[in-house]
There are 4 protein chains.
Amino acid sequence: MARSKQSRTGRQRPKGQRQPPKDRVGVWVFGARGGLATTMLVGCRAIARGLAQPRGLLTETPRFAPLGLVPLGDLVFGGHEVRSGTLLESALEIYEHTGTIRYPLLQELTDDLASIDRSVRPGTLVNAGRTILKLAGSEPSGAPLRSEIERLSADIRAFMKRERLERCVCVNLTSTEPVLKLTRTHAKLAALDKAIDADRRSAVRPSTVYAYVAARLGLPFIHFTPSNAALIPAVCELFDANGAPFMGSDGKTGETLVKSALAPMFKYRNLQVLSWQGYNILGDRDGVVLADVENKQAKVQSKDALLSAILGYPLHTHVGIDYVPSLNDLKTAWDFIHFQGFLDYKMSMQFTWQGCDAILAAPVVLDMVRLADLARRRGESGPMRHLSCFFKRPLGVDEHDLHLQWHLLTDYVSR
Amino acid sequence: MARSKQSRTGRQRPKGQRQPPKDRVGVWVFGARGGLATTMLVGCRAIARGLAQPRGLLTETPRFAPLGLVPLGDLVFGGHEVRSGTLLESALEIYEHTGTIRYPLLQELTDDLASIDRSVRPGTLVNAGRTILKLAGSEPSGAPLRSEIERLSADIRAFMKRERLERCVCVNLTSTEPVLKLTRTHAKLAALDKAIDADRRSAVRPSTVYAYVAARLGLPFIHFTPSNAALIPAVCELFDANGAPFMGSDGKTGETLVKSALAPMFKYRNLQVLSWQGYNILGDRDGVVLADVENKQAKVQSKDALLSAILGYPLHTHVGIDYVPSLNDLKTAWDFIHFQGFLDYKMSMQFTWQGCDAILAAPVVLDMVRLADLARRRGESGPMRHLSCFFKRPLGVDEHDLHLQWHLLTDYVSR
Amino acid sequence: MARSKQSRTGRQRPKGQRQPPKDRVGVWVFGARGGLATTMLVGCRAIARGLAQPRGLLTETPRFAPLGLVPLGDLVFGGHEVRSGTLLESALEIYEHTGTIRYPLLQELTDDLASIDRSVRPGTLVNAGRTILKLAGSEPSGAPLRSEIERLSADIRAFMKRERLERCVCVNLTSTEPVLKLTRTHAKLAALDKAIDADRRSAVRPSTVYAYVAARLGLPFIHFTPSNAALIPAVCELFDANGAPFMGSDGKTGETLVKSALAPMFKYRNLQVLSWQGYNILGDRDGVVLADVENKQAKVQSKDALLSAILGYPLHTHVGIDYVPSLNDLKTAWDFIHFQGFLDYKMSMQFTWQGCDAILAAPVVLDMVRLADLARRRGESGPMRHLSCFFKRPLGVDEHDLHLQWHLLTDYVSR
Amino acid sequence: MARSKQSRTGRQRPKGQRQPPKDRVGVWVFGARGGLATTMLVGCRAIARGLAQPRGLLTETPRFAPLGLVPLGDLVFGGHEVRSGTLLESALEIYEHTGTIRYPLLQELTDDLASIDRSVRPGTLVNAGRTILKLAGSEPSGAPLRSEIERLSADIRAFMKRERLERCVCVNLTSTEPVLKLTRTHAKLAALDKAIDADRRSAVRPSTVYAYVAARLGLPFIHFTPSNAALIPAVCELFDANGAPFMGSDGKTGETLVKSALAPMFKYRNLQVLSWQGYNILGDRDGVVLADVENKQAKVQSKDALLSAILGYPLHTHVGIDYVPSLNDLKTAWDFIHFQGFLDYKMSMQFTWQGCDAILAAPVVLDMVRLADLARRRGESGPMRHLSCFFKRPLGVDEHDLHLQWHLLTDYVSR
């Protein structure tokens with residue numbers, strides 16, 4: 001079989017790599033059996049076993065070799081999930097829907113997935129919103145907020161103990177939540193703690209709870225979704241207090257990635273962008289969630305802001321997201337760019353992007369997990385600004401130009 | 001009228017601009033009545049008179065204000081041309097074909113164009129190739145090469161004297177020529193001079209002669225076309241001897257511009273580009289010339305090389321250029337990009353670029369004319385590497401990533 | 001000038017054409033200075049004068065020659081309009097915005113347009129909805145409905161008398177109105193008359209009044225817009241009573257035209273269309289009106305229904321219309337078609353349509369005016385089903401397949 | 001499993017269907033293990049077994065039920081092939097390359113494919129051209145033409161005897177051959193026989209031999225490829241002599257299908273098509289063969305002719321076919337249509353077609369096999385003109401308008 005020739009990327013050390021960490025590293029995934037998480041888990045194991053190439057993984061390119069990042073094969077996975085079913089079922093569904101995970105691969109990874117399944121625990125649905133509840137197929141538990149936090153924290157601690165892990169990175173891959181209205185409660189840790197103690201559930205979303213739990217345990221945290229409820233000031237305060245780095249929000253993997261790569265070109269030539277219309281169509285669970293206007297709001301805000309930030313002037317923009325069930329996770333986006341040049345003449349450019357969101361996002365998550373682990377080892381804390389190129393709304397960074405964001409990363413790497 | 005409110009960009013000095021040069025600056029255009037030259041001349045005069053906005057001109061953005069570049073209104077134009085007719089006729093033809101030059105504008109600029117016409121002299125057709133000869137509608141003169149060079153040089157000298165110009169920039173906007181087979185003759189100035197003296201016409205193209213004339217007069221030279229016969233080592237030697245800066249070749253204004261802006265994105269995410277197919281369709285004189293396989297060769301070479309240079313690995317690419325008369329100068333390009341990501345999954349992106357080549361190129365020419373004049377004033381010589389972002393094949397620069405080329409320019413500007 | 005060689009299409013009779021009508025024919029345009037009407041009037045006069053080719057006009061093709069339709073040059077125009085300004089100003093605005101009307105043409109047609117202007121009278125704004133009122137820049141007159149009808153009728157009668165016209169066709173080109181909720185009042189003429197007498201303005205829209213006026217005068221009526229308030233049963237009853245043919249609604253000129261041409265292909269191959277997403281972007285007055293959700297509703301209903309009618313099964317469809325001011329009337333539409341074939345494999349097709357709505361619609365209006373005049377001469381009444389190929393919602397016809405609709409027309413013509 | 005609920009389309013008789021033929025029907029496939037043939041065989045068996053829906057098969061729609069066509073499950077397959085390997089290997093390769101054949105399906109159909117394999121015999125490579133020889137990986141046998149014909153005929157006769165088949169349809173699915181220069185030899189059967197007896201191999205291609213064999217045995221013949229060497233007059237004479245119907249050539253399944261569906265729309269509106277550029281990119285064996293200029297010639301001729309035939313005037317067209325290995329059989333085509341309307345204004349439309357050629361073609365082949373069997377049963381002979389909608393160059397039919405071709409078929413069906 002052709003693939004047997006490939007090096008087992010995750011286990012072997014490329015030449016020139018520094019001494020890798022001795023220990024394995026835990027990865028705790030909130031939303032552990034969703035499409036993105038499943039793709040990431042299957043892919044990570046496939047690459048670790050030499051069954052797939054490390055495509056899409058930046059941290060597998062020579063530039064990152066000197067950093068001594070944890071090998072993919074040394075990542076140990078667990079997580080929280082609100083839906084029932086197994087990882088294999090989730091992976092089979094992906095095979096059925098889009099074919100992105102190949103069937104023979106699943107036959108080879110059945111044991112790996114079952115092993116991860118054993119470390120997946122029930123998540124939380126507190127104030128998750130109607131659409132997520134419907135997808136989860138169950139109701140939020142009646143447990144008080146504080147005891148819910150205790151339960152989730154205990155899950156992670158038990159996982160680390162059982163697997164004998166000293167380090168663990170948390171990553172939030174749950175569905176996009178409805179926007180949480182931010183108030184004074186979210187501005188200070190003390191206020192948030194008071195609300196939690198008073199069991200004021202409407203003050204949080206599941207992502208608030210997850211981020212709080214990670215912060216409380218002092219674990220690095222990657223917030224990959226657009227939900228605004230996770231990295232609120234109160235939670236960031238807790239991360240800082242416990243010395244854990246974090247970053248978010250909303251992974252930049254498709255149409256927005258292209259936007260941020262392309263928009264600078266118009267600036268370089270003083271071509272005035274008059275209008276930039278973007279239409280995204282997608283199916284699958286992500287599409288269902290975003291078809292709910294409440295949940296879509298968070299997403300569109302992320303996608304729409306960056307153009308005038310890059311170009312330096314206000315312009316007519318539109319970002320549409322429509323649910324097209326037949327596409328499943330094979331997202332298609334059409335962007336139309338109307339611009340004006342010399343002699344005030346108008347011209348246009350359009351592009352169609354046809355990608356699979358999970359395939360594009362999964363390696364980025366793995367890249368960030370490894371870099372977050374590095375940051376933790378190095379004792380860094382606060383927002384990991386060097387990861388801004390991976391986010392639609394990079395925390396603590398005003399820069400949206402992909403190329404300038406890229407330099408933030410490469411500068412960090414070569415330091 | 002709305003436009004009367006606009007500042008007359010070329011004549012007024014923005015705040016913070018340094019003392020501008022006292023004198024006006026000549027611009028000698030080889031191919032002075034072609035589509036690109038006509039668009040540039042109309043646009044420059046329209047902006048200078050406040051009849052159009054300075055869109056597309058990078059040198060009119062605040063970043064360039066401190067450089068004290070020559071104002072657009074202080075540029076004085078002349079040139080060589082092989083076709084008959086007037087600039088107004090050429091501009092009317094553009095209005096008829098594409099509408100890029102607005103009709104009322106021509107009514108207001110009639111005198112300006114007639115004035116420039118008076119400084120346009122017959123060019124040379126020596127060894128120009130069948131297609132250019134056919135378009136010119138005339139035969140090469142029988143004059144010996146050396147006397148042809150004398151004649152052309154005298155034209156420029158007379159222009160500068162008549163207009164009392166101390167400085168003049170030469171720019172080559174003639175049609176793409178058939179590739180010239182380079183030999184030892186082109187490697188050294190002495191050898192080239194010998195060939196000229198021996199009247200070996202097959203050793204040169206018109207662009208060789210034009211570049212030679214500019215070099216001989218010690219004038220900065222911008223080679224905007226793909227023809228390989230202009231900036232040969234022998235001619236560069238002459239530029240260096242006379243202390244004149246130069247740059248080329250092949251203006252990067254459309255599909256290739258987009259390519260060089262977009263390709264780095266795939267690199268940033270370790271997405272493997274499997275194939276990048278590009279199809280360009282255009283009409284007009286440029287299309288006629290490129291429909292000739294001989295002439296197309298030079299162009300395709302320019303467009304095809306940069307992808308593997310940016311991405312760092314060989315890939316399947318194709319660049320097609322087809323003549324579609326009905327489009328005139330409204331070039332349309334379709335690019336299809338096939339790439340592979342995580343789990344070896346293949347995805348695609350496609351874009352359609354609908355621009356007007358002359359509208360995109362004209363301001364770039366003006367930008368470079370002003371920057372070449374600056375370089376001359378500053379006593380710089382050799383290839384102007386900081387202009388590499390404007391070229392498909394930047395002389396003396398291996399970098400094709402548009403963003404890194406942009407930094408070369410901004411670094412130069414802020415120095 | 002090249003065009004002077006062209007035959008003056010409107011005035012000369014091609015060979016084999018039957019005896020044309022002796023008299024000139026009136027065309028009364030509701031919305032006489034809108035973008036579509038202006039384009040139609042300029043074009044009709046330009047063709048009649050031999051200044052433009054009769055492109056886009058089906059009735060100028062040989063197939064229609066034997067019908068003896070009224071020559072374009074024998075059409076005499078008048079109309080109602082709610083906005084101020086002249087036709088020349090409206091035409092200049094079109095030149096400025098999109099260039100579809102060429103500048104030199106306006107210089108030649110100044111007198112023709114002024115002459116038509118003299119037959120344009122103030123229209124009605126009764127219950128027109130906020131957006132149309134805003135565009136009109138004035139308030140509805142306080143006159144009772146019945147007297148408003150009298151005034152408008154008198155305008156048309158005076159026009160016909162002054163121009164000595166025996167025949168006149170009415171055509172509605174006003175902006176899309178908010179959907180009118182239809183009740184018993186609209187089902188019978190007696191009920192509608194009662195409402196009019198009682199001055200119940202909320203029971204009508206301007207298009208109801210215009211259609212009523214045409215019906216009352218026994219004039220053929222073309223309802224080109226999507227407004228549902230015009231061809232209500234009560235008004236159709238009046239048309240029938242007065243023996244005047246009519247047809248509507250919503251001209252099929254762009255994306256929907258393509259849809260109805262393309263959808264049958266999938267049926268011919270038993271390819272299951274899973275999803276058909278259509279996104280329309282446009283600027284200009286039409287865009288402003290449709291940006292109002294109230295007005296858009298009527299339009300989207302027209303555009304969305306036909307796919308399942310053609311394909312014979314329900315499918316996921318979406319029609320978006322977004323306002324992009326910079327485009328003006330140069331509408332762009334992107335359609336994405338997801339379909340499933342052999343072995344249940346999914347494939348896709350996408351198209352981008354870049355047309356100018358007025359340019360596409362204007363000749364269709366002229367075609368229908370001539371055919372409506374013919375129908376009237378022939379003594380036909382009721383809905384002109386043979387014109388169904390020109391409408392998104394053809395009255396009295398269930399067929400949406402463009403090719404079958406085409407046969408309805410050609411069968412009529414060859415009868 | 002969801003599919004088990006489906007009716008086994010091939011075996012059950014829908015209501016209202018006439019008495020089906022008692023016996024099973026043979027299908028002899030020239031090119032039996034190519035991508036198209038493999039897809040067809042897998043699909044036919046999958047549908048017959050209720051493992052896939054009969055999508056893409058027109059003959060499975062209600063309109064065709066009354067014809068009493070042979071059920072898919074009663075088709076018995078055999079064929080000739082020049083390459084080695086098994087059908088399962090060929091199907092696995094398709095799974096690996098494009099995923100169009102699903103992996104679990106192959107596990108269920110292993111026996112069916114092995115059973116067909118037993119009826120596949122070595123084909124002929126006589127004068128096949130360099131590229132096909134290279135793909136076949138072997139040399140033409142040295143056997144004289146006449147004995148080659150005897151051998152191939154005996155294979156089919158043995159198959160029919162072994163399977164106890166009274167009827168058999170032949171279908172040519174081999175690769176596109178280089179154009180054969182047609183001479184007097186091909187005009188009359190007597191002349192061709194003479195050339196065969198004289199063993200003049202340069203006078204034939206493999207497709208000539210295959211068609212000759214089918215004609216000789218009096219079997220209906222479907223020529224699905226563009227090769228011009230099969231249905232030459234001499235061979236048609238033999239078909240007629242033996243009373244066997246036939247049809248060709250070049251299946252219309254992708255970009256050309258869309259063209260022939262769309263072009264009439266421009267005619268219906270008197271929109272002048274100025275240019276129609278089509279670019280096809282594809283990988284896989286078909287792409288390799290067409291990358292050879294010799295073989296491409298036949299294909300491009302088929303694709304290019306139909307536009308002016310439909311529109312009724314000459315226009316600028318271009319059809320490109322380029323080899324892009326990474327696409328395999330997932331063909332992508334981009335078409336750009338430039339057209340002119342009212343006021344001579346130019347507009348454009350473009351479409352991108354992303355289909356899998358084999359998936360689109362396979363059901364069409366099955367449809368024609370069943371209809372050819374019907375024609376044979378009915379005693380029809382000569383070209384089956386009612387199948388013209390399935391071909392780029394329909395034999396004996398000048399009509400290229402897909403909709404009019406469709407009427408030829410539906411008229412035949414309802415007769």
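**Exercise 1. A loop residue in chain D**

Work out where D:Val126 sits, and whether D:Val126 is buried or exposed.

*Solution.*
- Step 1: In this predicted model, D:Val126 belongs to the loop that links β3 (120–122) and α4 (130–136) of chain D. Helices (H or I, at least four residues) and strands (E, at least two) are DSSP runs, numbered from the N terminus.
- Step 2: The relative accessible area of D:Val126 is 6%, so D:Val126 is buried. Buried means under 20% relative accessible area, exposed over 50%, and partly exposed in between, with a 1.4 Å probe and protein chains only.
- Step 3: Not counting residues up to four places away in sequence, D:Val126 touches D:Pro140, D:Leu145, D:Arg201, D:Val204, D:Arg205, D:Pro206 and D:Val209. Contact means heavy atoms within 4.5 Å.
- Step 4: For a distance along the chain, take D:Gly35: it is 91 residues apart from D:Val126, and the two C-alpha atoms are separated by 21 Å.

A word on the ground rules: residues are numbered from 1 along each chain as its sequence is written, while chains are lettered from A and ligands numbered from 1 in the order in which they are written. Local features of this predicted model need pLDDT of at least 70, side-chain atom pairs count only at pLDDT 80 or more, totals for chains, interfaces and linings use all residues, and side-chain values use heavy atoms, with hydrogens and water left out.

**Exercise 2. Two helix residues**

Find the helices that hold D:Ser207 and B:Arg146, then list the contacts of each residue.

*Solution.*
- Step 1: D:Ser207 is in helix α7 (residues 206–216) of chain D. With 0% relative accessibility, D:Ser207 counts as buried.
- Step 2: Leaving aside neighbours within four places in sequence, the contacts of D:Ser207 are D:Asn172, D:Glu177, D:His223, D:Ser227, D:Ala229 and D:Ala230.
- Step 3: B:Arg146 is in helix α5 (residues 145–162) of chain B. Its relative accessibility is 23%, so B:Arg146 counts as partly exposed.
- Step 4: Leaving aside neighbours within four places in sequence, B:Arg146 is in contact with B:Asp193, B:Ile196, B:Asp197 and B:Tyr212.
- Step 5: B:Ile94 lies 52 residues apart from B:Arg146 along the chain, with 36 Å between their C-alpha atoms.

**Exercise 3. Backbone details**

Locate the cis peptide bonds of chains B and D, then place A:Arg164 and B:Asn127, which have positive phi.

*Solution.*
- Step 1: In chain B, the peptide bond from B:Gly248 to B:Ser249 is cis, with omega near -5°. B:Ser249 is in the loop between β6 (245–248) and α9 (255–268) of chain B.
- Step 2: In chain D, D:Gly248 and D:Ser249 are joined by a cis peptide bond with omega of about -10°. D:Ser249 lies in the loop between β6 (245–247) and α9 (255–268) of chain D.
- Step 3: A:Arg164 is not a glycine, yet its phi is positive at about 55°. A:Arg164 lies in the loop between α5 (145–162) and β4 (167–172) of chain A, and is exposed with a relative accessible area of 75%.
- Step 4: B:Asn127, also not a glycine, has a positive phi of about 55°. B:Asn127 is in the loop between β3 (120–122) and α4 (130–136) of chain B, and is partly exposed at 28% relative accessible area.

**Exercise 4. Helices across two chains**

Describe how α9 of chain C and α14 of chain D cross, and which residues meet there.

*Solution.*
- Step 1: The axes of α9 (residues 255–268) of chain C and α14 (residues 402–414) of chain D come within 11 Å and cross at roughly 35°. Axes are lines fitted to C-alpha atoms, for helices over the stretch in contact, and angles run from 0 to 180 degrees between N-to-C directions.
- Step 2: C:Ala261, C:Met265 and C:Tyr268 of α9(C) meet D:Leu402, D:His403 and D:Trp406 of α14(D).

**Exercise 5. Relating the copies**

Find the rotation that lays chain A on chain B.

*Solution.*
- Step 1: A turn of 180° with a shift of 0.0 Å along the axis lays chain A on chain B, with an RMSD of 0.0 Å. The two copies are thus related as by a two-fold rotation axis. Superposition is by least squares on the C-alpha atoms of residues with pLDDT of at least 70 in both copies.
- Step 2: Among the residues of chain A, A:Phe351 comes closest to the rotation axis, at 2.0 Å (C-alpha).
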